[in-house]
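Biologist: I'm new to this model and would like a close look at a single part of it. Please start small, with one spot, and then work outwards.

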Amino acid sequence: MSRIAEKFEELRRRGEGALIAFITAGDPAPEITPSIVQVLAKHADVVELGLPFSDPIADGPTIQEATDRALRAGTDTDTVLEIVKEIREGSDVPLVILTYFNPVLQFGIREFLSRLAHMGGDGIIVPDLPIDESGEFRKIAREVGIDTIQLVAPTTPPSRVKTICERSSGFVYVVSLLGVTGPRERLSELVRPTIKKVKRLSKIPIAVGFGISKPEHVRAVLDAGADGAIVGSAFVKLIKENLSDVGKMLEELETFSADLKRATKKLAKFK
Amino acid sequence: MSALEELERYYLKIKKSKRFQRELQALLREYGGRPTPLYHAKRLSELIGSKLYLKREDLLFGGAHKLNNTLGQALLAKYMGKKRIVAETGAGQHGVATATAAAMLGLECDIYMGVTDMERQKLNVFRMRLLGARVIPVKSGSRTLKDAINEALRDWTTNVETTHYLLGSVVGPHPYPMIVRDFQRVIGRETKKQILKHEGRLPDAIVACVGGGSNAIGIFYDFLDDPVQLFGIEAGGEGLETNMHAAPLCAGSEGVLHGSRSYVMQDRFGQILQTHSIAAGLDYPGVGPEHAFLKLRGRVKYDYVTDGEALEAFRIVSKTEGIIPALESAHAIAYLRKRASKFRGKLVVVNLSGRGDKDVELVAKTLGGSKD
């Protein structure tokens with residue numbers, strides 16, 4: 001069983017949902033990322049690291065800016081793999097890479113996935129690689145022991161949801177809304193019916209992301225039947241607001257992740 | 001993904017609809033002014049030493065070939081029941097052509113444009129606004145065409161139920177390269193008929209500029225199976241050795257950008273590079289996947305000219321023919337001069353894809369005080 005699957009299983013036994021925290025690797029600088037992950041992992045159950053790409057079409061302004069900061073700080077694919085290695089040396093937290101297809105293609109699919117596995121990474125998400133084009137990619141990932149987490153959108157028809165769920169490993173990433181990443185005041189109306197649809201068709205855990213930025217959002221998606229909630233832009237915003245004071249940045253990230261984690265406990269469905 | 005599948009399904013159906021095709025043909029003819037002339041440029045021919053015809057897409061309504069595609073897609077959007085169009089624009093030509101089609105068909109229209117391009121093409125920004133479109137400045141990334149595409153894609157993802165994304169070139173995810181090519185094919189279809197009428201034979205060569213590649217594929221497509229040499233000319237900017245260019249087929253490598261696999265300009269980690277061309281419409285780090293295929297098959301020869309060579313051609317065409325060409329199209333003419341020996345004595349067609357009014361201010365600034 002993969003580190004991700006084990007984590008979801010452990011949480012299920014405890015009656016908790018998963019808190020999955022996303023940040024962009026190398027933002028604001030590669031040497032700070034391991035410390036950020038260290039504080040996040042005190043509360044988050046899984047950590048997603050964005051491998052920055054110059055043209056992040058699935059991301060809103062918050063993560064676009066983080067991508068720019070990371071690239072300007074000299075973050076490249078080698079750097080991100082080193083970051084994974086450093087984190088793994090001090091922590092067992094499941095680590096997922098989120099990136100776009102071109103950086104992986106240029107590094108070499110096999111080369112990248114096997115180095116990622118070797119450094120201690122557990123999963124990968126590539127939003128611009130559609131399921132029909134990902135056969136070879138998934139085959140290699142399976143061989144080297146990396147989970148491939150696929151995305152489902154509110155507009156995905158049920159027959160396709162089924163295929164995507166069957167071809168995902170680790171968990172299925174449910175996009176909560178029509179649009180790009182970024183904090184929102186309220187949850188999309190589409191989120192509950194989408195969770196229901198995917199939950200019915202998936203044999204593995206499902207986690208909801210895009211626009212999830214408050215403890216009450218986390219609670220709501222878990223109550224609606226999701227196994228995990230993914231929070232990204234809200235963390236990235238805290239990084240941006242504290243660029244001049246890393247100590248304060250880490251403190252705020254820790255407090256916020258603790259608040260979010262609290263919302264995943266004592267779920268009604270387990271009572 | 002499901003939006004792309006819906007678009008493909010609908011398009012393949014509508015393509016066979018007689019009613020749709022009749023309506024589109026009528027719009028192209030009565031609103032757009034097709035067929036555009038194939039003009040024998042005698043003085044330019046003499047200067048270059050070949051028999052040169054210009055396919056006058058600059059005379060299509062709006063001043064560029066772009067309207068072929070925007071009329072087609074806007075009509076498609078209307079048939080699909082969409083109320084709103086979003087589009088990206090680089091030079092502003094596609095934005096203007098989109099705003100034009102949207103106004104005429106009564107669709108709401110938002111155009112994404114990089115702030116760098118808005119500065120370079122102020123007149124087109126004003127035209128789009130006059131035509132009732134909203135021009136949304138894009139401040140992310142390199143602030144040019146590629147970033148405008150990113151933003152338009154993000155908008156489409158958000159508003160997919162009401163909105164059609166009217167992509168302007170043969171790039172992006174399938175089915176766009178196919179749809180845009182089909183709507184631009186009219187250029188080559190007409191050219192073939194016209195050259196046979198004028199000359200009684202096919203041309204020896206056809207030359208077109210390539211940014212995303214829509215005017216080029218449009219004129220090439222109906223000649224792919226004929227014994228005609230095809231040349232696609234990319235923007236060499238300040239020269240390939242300077243990295244200040246937009247020539248992915250000549251100097252890029254295989255990669256994935258905006259949902260298609262083709263040649264792109266990128267670093268060794270796959271980060272997309274900034275491009276440069278004096279012609280905003282060619283300033284894009286990728287190129288249509290069908291051009292990549294035609295390059296690999298060896299069917300089309302892809303080459304480049306520099307900013308300087310294009311500028312010189314811009315002046316020469318203006319002076320010898322009284323036609324001010326778009327800087328984009330000037331690249332194709334410049335190639336005839338650059339490789340004159342290749343074309344000597346040959347029957348050549350150049351796709352004059354747009355007119356140069358939009359570029360006059362920029363050219364005046366670039367050429368500075370030179371008076372001749």
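Modeller: One term before we start: two residues are in contact when they have heavy atoms within 4.5 Å of each other. Keep in mind too that this is a predicted model.

Our spot is A:S188. You'll find A:S188 in the loop that links β7 (172-175) to α9 (191-201) in chain A. Is A:S188 buried or exposed? The cut-off for buried is under 20% relative accessible area, and A:S188 comes in at 16% relative accessibility, so it counts as buried. Leaving out residues up to four places away in sequence, A:S188 touches A:S176 and A:L177. With A:S176 there is also a polar link: a polar atom of the A:S188 side chain sits 3.3 Å from the backbone oxygen of A:S176.

Now step back to the sheet that β7(A) belongs to. Chain A has 9 strands in an open sheet, ordered β5-β4-β3-β2-β1-β9-β8-β7-β6, and the pairing is parallel. At the edges are β5 (147-148) and β6 (151-152) of chain A, each of which pairs on one side only. Look at the β5(A) edge: β4 (residues 123-125) of chain A runs parallel to β5(A), and 2 bridges join them. In that pairing, A:I124 has A:T148 in β5(A) as its bridge partner.

Helices lie across this sheet. α1(A) crosses β1, β2 (46-50), β3 (95-98), β4, β5 and β9 of chain A, and runs at about 140 degrees to β1(A). α4 (residues 77-90) of chain A lies across β2 and β3 of chain A, at about 165 degrees to β3(A).

Then there's α12 (residues 246-262) of chain A. From its first C-alpha to its last, this 17-residue helix reaches 24 Å, close to the 24 Å expected at 1.5 Å a residue. At its start, a side-chain oxygen of A:D245 comes within 3.2 Å of the backbone nitrogen of A:G247. The buried residues of α12(A) include A:M249, A:L250, A:L253, A:F256 and A:L260. A handy rule for reading that list: an α-helix has 3.6 residues a turn, so residues three or four places apart point the same way. And what do the buried residues of α12(A) pack against? Their neighbours in chain A are α1 (3-14), β1 (18-24), α2 (33-40), α10 (215-223), β9 (228-231) and α11 (233-241). We've already met α1(A) lying across β1(A) and β9(A), and here α12(A) packs against those three elements too.

For a side glance, chain B has an open sheet of 4 strands in the order β5-β4-β3-β6, again with parallel pairing. Its edge strands are β5 (134-138) and β6 (163-165) of chain B. On average, neighbouring strands of this sheet are turned by 25 degrees against each other, direction ignored. β4 (residues 108-114) of chain B pairs with β5(B) in the parallel sense over 5 bridges, and there B:M113 stands opposite B:P137. Across this sheet lies α8 (residues 145-159) of chain B, which crosses β3 (84-89), β4, β5 and β6 of chain B at about 160 degrees to β3(B).

Definitions and conventions
Residues are numbered from 1 along each chain as its sequence is written. Chains are lettered from A and ligands numbered from 1 in the order in which they are written. This is a predicted model: local features need pLDDT of at least 70, side-chain atom pairs count only at pLDDT 80 or more; totals for chains, interfaces and linings use all residues. Side-chain values use heavy atoms; hydrogens and water are left out. The expected span of a helix is 1.5 Å times one less than its number of residues. Buried means under 20% relative accessible area, exposed over 50%, partly exposed in between (1.4 Å probe, protein chains only). A polar contact is a pair of N or O atoms within 3.5 Å; within protein, one must be able to donate a hydrogen and the other to accept it, and residues adjacent in sequence count only if both atoms are side-chain atoms. Two strands pair if DSSP finds at least two bridges between them. Axes are lines fitted to C-alpha atoms, for helices over the stretch in contact, and angles run from 0 to 180 degrees between N-to-C directions.
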